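Below are my comments on the model, set out as numbered points. They begin with the surroundings of the ligand and then move through the fold, the core and several individual residues.

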Amino acid sequence: MVFALGCAQKAPAEASASPESETAAPVSEPEAAVETEVPAAKEDLTPVFDFEKKTVKLNSGYEMPITGLGTYTQLDDTCINSILLYVENGGRMFDTAFMYGNEEAVGEGMRQAMEKYNLKREDLFVCTKIYPTQYENPDAAIEEALRKLDVDYIDLMFLHHPGPQDVKAYKAMEKYQSMGKIHSIGLSNWYERELEELLKEVDVMPSLIQNEIHPYYQEKGVVKYMQKRGIVMECWYPLGGRGHTSELLSDETITKIAETHGVSAAQVILRWDLQRGIVVIPGSTNEKHIKENLDLYGFVLSEEEMDEIAALDRNTKFDWY
Ligand SMILES: NC(=O)c1ccc[n+]([C@@H]2O[C@H](COP(=O)([O-])OP(=O)(O)OC[C@H]3O[C@@H](n4cnc5c(N)ncnc54)[C@H](OP(=O)(O)O)[C@@H]3O)[C@@H](O)[C@H]2O)c1
């Protein structure tokens, strides 16, 4: 089957580990659409969300919350405080990365939350990512993440981007998965062609793919393709990320739907993701927003409303990868 890839993915231009570089990287025009041959999935393995438990079962056998807290740009006490607020309001999952420079703070937030709210490690779910600069020595990168988070295992570990030696890094994650130190394996900024190329070299199907997805960049084809293969999709920049939230949150279609249901525009967007089977990890340090972003289960978007939001797709990325 032939797929048109809207945006061919590149490794980060500068393999910098600076926390600022995720958005500070030069914004380049997406490359022209590339056509590639990728095999069709034989059977439909689309993961099903359990809206009662607010979880999804990954192909690794582990259950994962379908809403989490993004921690990009949150450092030190700011990060610890948002994790405490998140857990206090019922949240259990956190998304971090080597590149965010806050794995220690996320680990500390988890420990404080477990103590304060009498929770066990297995009640929480932590996701982190290794960066392309680390792919050359992936065992050391995984050990570093375990040490910085100060955990015995990582619930979900990602390769942050495709890049040189990503197969080596993926195989290291497979090895740590067999040792029980990584429960599930994920990929980030990964598309059909990159997946098919990787799968020729590795043994374990990834459990989850985390990509930029929001109403103006919906990745309809990629989402369906990955889901059919049994891979859970997750969105970064669900609200437009740093600098573009006002555009999405004031979009007329979204605000009209929000009024109908008596919820916020952010809640409409996040609920729309969940109804598409996409896990959400909005970033926030604000208590009101954190509460709102967890309160997504008291209303249901109709098919017409889902279609109205589907029609907002501009195939426009807010970031460069
Ligand atoms: N894999 C990757 O390459 C990649 C790239 C980028 C991001 N990520 C991950 O994805 C997560 C989400 O992305 P993001 O945090 O950059 O962007 P985002 O979640 O789309 O937007 C975050 C912004 O929205 C605001 N916000 C949050 N909830 C809101 C609400 N209910 N109402 C109004 N405003 C609200 C936040 O401000 P307040 O703090 O004031 O609420 C913040 O300024 C990141 O934190 C990170 O974990 C991954």
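1. The ligand site is a good place to begin in this predicted model. The shell around the ligand has 28 residues, of which Gly70, Tyr72, Ala266, Gly283 and Ser284 come nearest. Two elements, α8 (245–249) and α11 (287–294), give two or more residues to that shell, and α11 gives the most, with three residues. By class, the residues of the shell divide into nine nonpolar, 15 polar and four charged.

2. On the fold as a whole, the secondary structure of the chain comes to twelve helices and 13 strands. The chain has 321 residues, of which 47% count as buried. If one takes the contacts between residues at least 6 apart in sequence, 76% of them join residues that are at least 24 apart.

3. The pairing of helix α3 (residues 103–116) with helix α4 (residues 138–149) deserves a comment, as their axes come within 7 Å and cross at roughly 45°. Because angles that are neither roughly parallel, roughly antiparallel nor roughly perpendicular count as oblique, α3 is oblique to α4. On the α3 side the contact is made by Glu103, Glu104, Val106 and Gly107, and on the α4 side by Ala145, Lys148 and Leu149. By class, this contact of α3 with α4 has three nonpolar, one polar and three charged residues.

4. The largest nonpolar core has 84 residues, and those with the most contacts inside it are Ile83, Val126, Ile142, Ile154, Met173 and Ile269. To take Val126 as an example, and not counting residues up to four places away in sequence, Val126 touches Phe94, Val106, Met110, Leu149, Val151, Ile154 and Asp155.

5. Met110, one of the residues that Val126 touches, is found in helix α3. Is Met110 buried or exposed? Met110 is buried, since 25 other C-beta atoms lie within 10 Å, where 20 or more are needed for a residue to count as buried. Leaving aside neighbours within four places in sequence, Met110 is in contact with Ile83, Leu124 and Val126. The C-alpha atoms of Met110 and Phe125 are separated by 9.4 Å, although the two residues are 15 apart along the chain.

6. Helix α10 (residues 265–275) is mostly covered, with nine of its eleven residues buried. The buried residues in α10 are Ala265, Ala266, Gln267, Val268, Ile269, Leu270, Arg271, Trp272 and Asp273. Of these names, Ala266 is also listed among the residues that come nearest to the ligand, and Ile269 among those with the most contacts inside the largest nonpolar core. What covers the buried residues of α10 includes β12 (232–236), α8, α9 (252–261), β13 (278–280), α11 and α12 (303–310). The helix α10 is followed by Gly277, whose phi is positive, near 80°.

7. Gln210, a residue of strand β11 (residues 208–212), is buried, with 24 other C-beta atoms within 10 Å. Not counting residues up to four places away in sequence, Gln210 touches Phe158, Gly186, Ser188, Glu234 and Trp236. Gln210 and Val280 are 70 residues apart in sequence, and their C-alpha atoms are 9.6 Å apart in space.

8. Two backbone conformations should be looked at with care, because most residues other than glycine have a negative phi. Glu219, in the loop between β11 and α7 (220–228), has a positive phi near 50°, and Glu219 is buried, with 24 other C-beta atoms within 10 Å. Tyr237, found in the loop between β12 and α8, has a positive phi of about 55° although it is not a glycine. Tyr237 counts as buried too, with 26 C-beta neighbours inside 10 Å.

9. A last point concerns Leu312, in the segment after α12. How is Leu312 classed, with 17 other C-beta atoms within 10 Å? Leu312 is partly exposed, because that class lies between the limits of 20 or more for buried and 12 or fewer for exposed. Leaving aside neighbours within four places in sequence, Leu312 is in contact with Pro215, Tyr216, Asp251 and Thr253. The C-alpha atoms of Leu312 and Tyr216 are separated by 6.0 Å, and the two residues are 96 apart along the chain.

Methods
Residues are numbered from 1 along each chain as its sequence is written. This is a predicted model: local features need pLDDT of at least 70, side-chain atom pairs count only at pLDDT 80 or more; totals for chains, interfaces and linings use all residues. Helices (H or I, at least four residues) and strands (E, at least two) are DSSP runs, numbered from the N terminus. Two residues are in contact if their C-beta atoms, placed from the backbone, lie within 7 Å. A residue is near a molecule or strand if its C-beta atom, placed from the backbone, lies within 6 Å of it. Ala, Val, Leu, Ile, Met, Phe, Trp, Tyr, Cys and Pro count as nonpolar, Asp, Glu, Lys and Arg as charged, and the others, Gly among them, as polar. Axes are lines fitted to C-alpha atoms, for helices over the stretch in contact, and angles run from 0 to 180 degrees between N-to-C directions. Angles under 35 degrees count as roughly parallel, over 145 as roughly antiparallel, 65 to 115 as roughly perpendicular and the rest as oblique. A nonpolar core is a set of buried Ala, Val, Leu, Ile, Met, Phe, Trp, Tyr and Cys residues joined through C-beta atoms within 7 Å.
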